[in-house]
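Dear colleague,

Please find below the sequence and structure that I am handing over to you. My findings follow directly after it.

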Amino acid sequence: MKDKKKILAGLVVFIAVITFPFWFNMGKAAPAPELELTAEAKAAKSCVMPTEYMKVEHMQLLDVWRHNVVRRGERMFVNTDGKLFNMSLSNTCLDCHSNKEKFCDRCHDYASVRPYCWDCHIDSPKGE
Amino acid sequence: MKNSRRRFLQMAGVSALGLGAKPMLNAFAAGGGEGPDYHVATGEDALTAKQWAMVIDTRKLQTAEDLEPIVEACNKIHNIPTAIQNKNHEIKWIWETHYHNAFTDKTNNFLNEEVAHRPFLLLCNHCENPPCVRACPTQATFKRESDGIVLMDFHRCIGCRFCMAACPFGARSFNFRDPRPFIEENSEEFPTRMKGVVEKCNFCAERLAVGKMPACVEASKGAIAFGDLYDEHSEVRELLKENYTIRRKQTLGTEPSVYYIV
């Protein structure tokens with residue numbers, strides 16, 4: 001253990017470098033995005049499934065929709081309350097959530113996810 | 001002494017691992033328990049068949065002008081990028097061609113001139129034995145069990161174009177470029193495609209699902225019939241009984257579902 005000092009100095013530098021991103025960004029966390037609901041969405045009160053479920057599982061639900069519509073031709077969705085919906089991203093989801101920039105995008109940008117839905121699906125069915 | 005300490009540390013490590021693994025296992029075991037309480041179903045208005053088929057009465061479609069509204073109807077509702085100038089990048093779901101290009105099997109040297117000069121409508125034949133489906137490595141193109149339509153799942157298409165090589169009818173087009181800037185008439189209800197996927201006619205599966213006939217059938221003013229090939233009393237079967245029909249490249253054994261009355 002002749003190089004105790006060198007090792008310790010090296011360790012300090014190593015830890016400083018490794019933790020740099022953490023203390024450099026301390027206190028600068030971006031605030032969680034606030035989502036704006038359209039008047040239509042507010043009036044509806046609940047999405048196709050309860051809000052909590054949609055927050056966590058909307059991507060899984062969309063995947064179920066995609067699979068059933070495209071591959072099995074099943075387009076009707078019956079939710080927990082027995083309400084019927086046409087399974088369509090552009091025509092059902094975006095009919096209510098017509099403010100994609102203030103609804104979908106805000107959260108997706110914050111979480112740094114880039115879904116490629118909009119490469120094909122039209123994001124303003126009402127031409128907004 | 002040395003050995004026993006090592007032994008002690010080993011045991012401690014293994015125990016710690018065991019204690020740490022237990023909550024993980026619990027977490028995994030808990031996942032996928034109760035599913036959400038919803039269900040999906042086919043729409044009540046949906047039209048169904050064992051195998052959809054089309055009969056095109058070419059006697060009623062004598063000129064290019066007769067075909068135009070039919071092709072346009074399809075282009076419009078499916079967001080086909082019709083403004084692409086480069087012929088190699090062209091996207092077509094339903095299009096017009098000459099007899100000789102459509103029916104390459106028929107080898108008669110001297111044909112009825114009137115038939116030979118007629119324009120023919122071509123589209124995906126929705127074969128009963130589709131070679132494109134066998135070629136697709138991702139099952140992006142598949143034959144739908146419920147009604148025999150050969151469909152594309154654009155989400156899965158990786159753009160390998162094996163299906164285009166496999167299709168003997170040239171019914172498939174590849175998006176060499178982003179199609180969006182080339183769409184002349186937008187339909188808001190149908191998605192566009194993206195660069196790098198193959199596309200083709202889908203027998204208007206999205207319209208059948210809501211009880212409508214395919215767009216070309218509607219626009220044809222009775223020249224195109226559509227129905228179930230395996231329903232004896234369907235419109236297409238009645239027409240097949242009463243008229244002599246031909247199909248494209250029958251010798252290949254793909255069993256096309258598009259019939260032509262000549």
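B:Glu255 sits in the loop between strand 10 and strand 11 of chain B. Its phi angle is near 55 degrees in this predicted model, a positive value in a residue other than glycine. With 15 C-beta neighbours inside 10 Å, B:Glu255 falls in the partly exposed class. A second residue of this kind is found in chain A: A:Ser112, also not a glycine, has a positive phi near 55 degrees. A:Ser112 belongs to the segment after helix 6 (104-110) of chain A. Only 6 other C-beta atoms lie within 10 Å of A:Ser112, so this residue counts as exposed, the limit for that class being 12 or fewer.

The open sheet of chain B

The two strands that flank the loop of B:Glu255 both belong to an open sheet of 4 strands in chain B, with the order 9-2-11-10 and mixed pairing. Which strands stand at the edges? They are strand 9 (224-228) and strand 10 (245-246) of chain B; each has a single partner strand, so one side of each is left without a neighbour in the sheet. Strand 2 (residues 52-57) and strand 11 (residues 258-261) of chain B run parallel and are joined by 4 bridges. Within this pairing, B:Ile56 has B:Tyr260 of strand 11 as its bridge partner. Helix 9 (residues 235-242) of chain B lies across strand 2, strand 9, strand 10 and strand 11 of that chain, and runs at about 115 degrees to strand 9.

The nonpolar cores

The largest nonpolar core comprises 56 residues. Those with the most contacts inside this core are B:Met54, B:Ile56, B:Ile94, B:Leu121, B:Leu123, B:Cys216 and B:Ile224. Among the elements of chain B that give two or more residues to the core are strand 2, helix 2 (64-77), strand 3 (94-97), strand 4 (120-123) and helix 8 (215-219). Strand 2 of chain B gives the most, with 5 residues. Apart from this core lies another, of 7 residues, which includes A:Val69, A:Val70, A:Phe77 and A:Met87.

Strand 4 of chain B merits separate mention. In a regular strand the side chains alternate between the two faces of the sheet. Both faces of strand 4 are covered here: B:Phe120 and B:Leu122 on one side, and B:Leu121 and B:Leu123 on the other, are all buried. Leaving aside neighbours within four places in sequence, B:Leu121 is in contact with B:Ile56, B:Leu61, B:Leu67, B:Ile70, B:Ile94 and B:Glu96.

Strand 3 and strand 4 of chain B run antiparallel and are joined by 4 bridges, with B:Glu96 standing opposite B:Leu121. B:Thr97 also lies in strand 3. B:Thr97 and B:Leu121 are 24 residues apart in sequence, yet 6.6 Å apart in space from C-alpha to C-alpha. Is B:Thr97 buried or exposed? It counts as partly exposed, because 13 C-beta neighbours lie inside 10 Å, whereas a buried residue needs 20 or more. Beyond four places in sequence, the contacts of B:Thr97 are B:Ala102, B:Phe120 and B:Leu122.

Chain A and its interface with chain B

Chain A contains 6 helices and 2 strands, which follow one another from the N terminus as α-α-α-α-β-β-α-α. The radius of gyration of chain A is 23 Å, while a compact globule of 128 residues would have a value near 14 Å. The C-alpha trace spans about 75 × 35 × 30 Å along its principal axes. Of the 128 residues of chain A, 11% count as buried. Among contacts in chain A between residues at least 6 apart in sequence, 61% join residues at least 24 apart.

At the interface, 23 residues of chain A are in contact with 22 residues of chain B. Helix 4 (51-72), strand 1 (76-78) and helix 5 (89-96) of chain A are the elements that give two or more residues to the side of chain A that touches chain B. Helix 4 gives the most to that side, with 5 residues. By residue type, that side divides into 10 nonpolar, 8 polar and 5 charged.

The two chains are also linked by strand pairing. Strand 1 of chain A and strand 1 (residues 39-41) of chain B pair in the antiparallel sense over 3 bridges. There, A:Met76 stands opposite B:Ala41.

With kind regards

Terms used: Residues numbered from 1 in each chain as written. Chains lettered and ligands numbered in written order. Predicted model: local features only at pLDDT ≥ 70, side-chain atom pairs only at ≥ 80, totals over all residues. Contact = placed C-beta atoms within 7 Å. Nonpolar A, V, L, I, M, F, W, Y, C, P; charged D, E, K, R; others polar. Pairing = 2+ DSSP bridges. Axes fitted to C-alpha atoms, helices over the stretch in contact; angles between N-to-C directions. Rg over C-alpha atoms; globule rule 2.2 N^0.38 Å. Core = buried A, V, L, I, M, F, W, Y, C linked by C-beta atoms within 7 Å.
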